[in-house]
Amino acid sequence: MFTGIVEERGQITAVHPLPDAARLTVTGPLVTSDARHGDSIAVNGVCLTVVDVAEGAFTVDVVHETLLRSSLAKAHAGDQVNLERAMALGDRLGGHIVQGHVDGTGVFVSRDDDGMTTFDLPADLAKYVVEKGSIAVDGVSLTVASVRADRFSVALIPTTLSLTTLGLRQPGDVVNLEVDVLAKYVERLAVPHIATATGAGQGHNGR
């Protein structure tokens with residue numbers, strides 16, 4: 001579990017292809033200060049398991065499913081990434097509940113002088129995004145300022161722009177998106193009841 005409050009900006013130093021997977025080595029002096037084998041670290045919003053730690057860097061394996069759903073499929077040595085250690089029980093929840101389970105990718109569209117930043121939004125995720133709701137973009141917890149069927153905007157403060165990779169994004173760059181998990185659970189719980197109510201209503205109207 002994460003909060004979407006990025007702890008540091010690290011750098012991918014090596015990418016090694018594996019059968020249906022990839023192994024990444026990432027520098028991150030802060031997140032590796034207490035990291036051990038088996039710990040979870042979010043890399044651009046993707047929860048990954050540490051397999052090795054050495055000299056301020058850690059190594060993770062990225063499975064095929066994660067490569068399909070996230071921007072890590074196009075990761076290269078030299079790329080900068082947002083890093084966050086898993087939240088400890090009792091920590092402040094400064095952002096929102098972030099699982100590190102990326103739902104899909106979006107595309108950076110534009111940013112104006114006031115920091116208002118717009119991303120393309122996949123159609124299958126649009127229903128989970130609401131104005132003033134939460135969304136994680138490359139692992140950064142953000143509040144949705146406005147949303148349309150195919151894109152959404154967030155207001156980025158100077159600190160976020162300077163301390164995360166969002167300040168480096170250019171039009172056309174791919175970003176990882178994780179919608180609010182609470183919205184998905186609500187949908188899952190509500191759909192059977194909505195379907196039942198609709199069916200009952202149709203039967204009544206047909207009499």
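**Notebook: hairpins, a barrel and three Phe rings**

I started at the hairpin that joins β10 to β11, and three residues make the connection. This is a predicted model, so I kept in mind that local features need pLDDT of at least 70. The two strands run antiparallel, and I found three bridges between β10 and β11. One cross-strand position I noted is S146, which stands opposite S153 in β11.

Next I stepped back along the chain to β9 and β10. They also run antiparallel, with four bridges joining them. Here S134 faces T143 of β10. The hairpin of β9 and β10 has two residues between the strands, and D138 takes a positive phi near 50 degrees there.

**Entry: D138**

That phi made me stay on D138. I placed D138 in the loop between β9 (134-137) and β10 (140-147). Is D138 buried or exposed? I looked up its relative accessible area and got 0%, so D138 is buried.

What does the side chain of D138 pair with? I found a polar contact of 2.9 Å to the side chain of R169. Then I listed the contacts of D138, leaving aside neighbours within four places in sequence. N44, G45 and N82 are on that list. So to speak, the rest come from further along: T165, L166, R169, V175 and N176.

**Entry: aromatic rings**

I went through the aromatic rings and the structure holds two pairs. The pair of F108 and F119 is edge-to-face, with 5.7 Å centre to centre and 80 degrees between the planes. This pair links distant parts of the chain: F108 sits in strand β7 (residues 104-111) and F119 in strand β8 (residues 116-120), 11 residues apart. I checked burial too. F108 has 4% relative accessibility, so I put it down as buried. F119 has a relative accessible area of 0%, so F119 goes down as buried as well.

The other pair is F119 and F152, and I have it as stacked: 5.5 Å centre to centre, 25 degrees between the planes. This one also links distant parts of the chain, from F119 in strand β8 to F152 in strand β11 (residues 151-155), 33 residues apart. Both F119 and F152 are buried. I wrote F108, F119 and F152 down as one aromatic cluster. β11 came up earlier in my notes, as the strand that β10 reaches through the three-residue hairpin.

**Entry: the barrel**

Then I turned to the barrel. Which strands make it up, and in what order? I traced a closed barrel of six strands, β1-β2-β5-β4-β3-β6, with antiparallel pairing. Neighbouring strands of this sheet are turned by 45 degrees against each other on average, direction ignored.

I picked one pairing for a closer look. Strand β2 (residues 21-27) and strand β5 (residues 57-63) run antiparallel, and seven bridges join them. Within that pairing, A22 has V62 in β5 as its bridge partner.

**Entry: P29**

I followed the chain on from β2 and stopped at P29, which lies in the loop between β2 and β3 (40-43). Is P29 buried or exposed? At 59% relative accessibility, over the 50% cut-off, P29 counts as exposed. What does P29 touch? Not counting residues up to four places away in sequence, I got E8 and G56. I also looked at P29 against R9: they are 20 residues apart along the chain, and their C-alpha atoms are separated by 9.8 Å.

**Entry: the record**

Last, I opened the UniProt record. Its unreviewed entry lists residues 1-96 and 97-190 for "domain: Lumazine-binding". The entry, again unreviewed, lists residues 1-96 and 97-190 for "repeat: Lumazine-binding".

I looked up what the model has over each range. For residues 1-96 I noted 6% helix and 46% strand, with the end C-alpha atoms 10 Å apart. For residues 97-190 I noted 17% helix and 38% strand, with the end C-alpha atoms 21 Å apart.

Technical notes: Residues numbered from 1 in each chain as written. Heavy atoms only, no water. Buried < 20%, exposed > 50% of the residue type's maximum accessible area, 1.4 Å probe, protein only. Polar contact = N/O pair within 3.5 Å; in protein donor to acceptor, adjacent residues only side chain to side chain. Contact = heavy atoms within 4.5 Å. Phe/Tyr/Trp six-rings, centres within 6.5 Å; stacked < 30°, edge-to-face > 60°. Pairing = 2+ DSSP bridges. Axes fitted to C-alpha atoms, helices over the stretch in contact; angles between N-to-C directions. UniProt positions renumbered as here; feature names shortened; annotations may be inferred.
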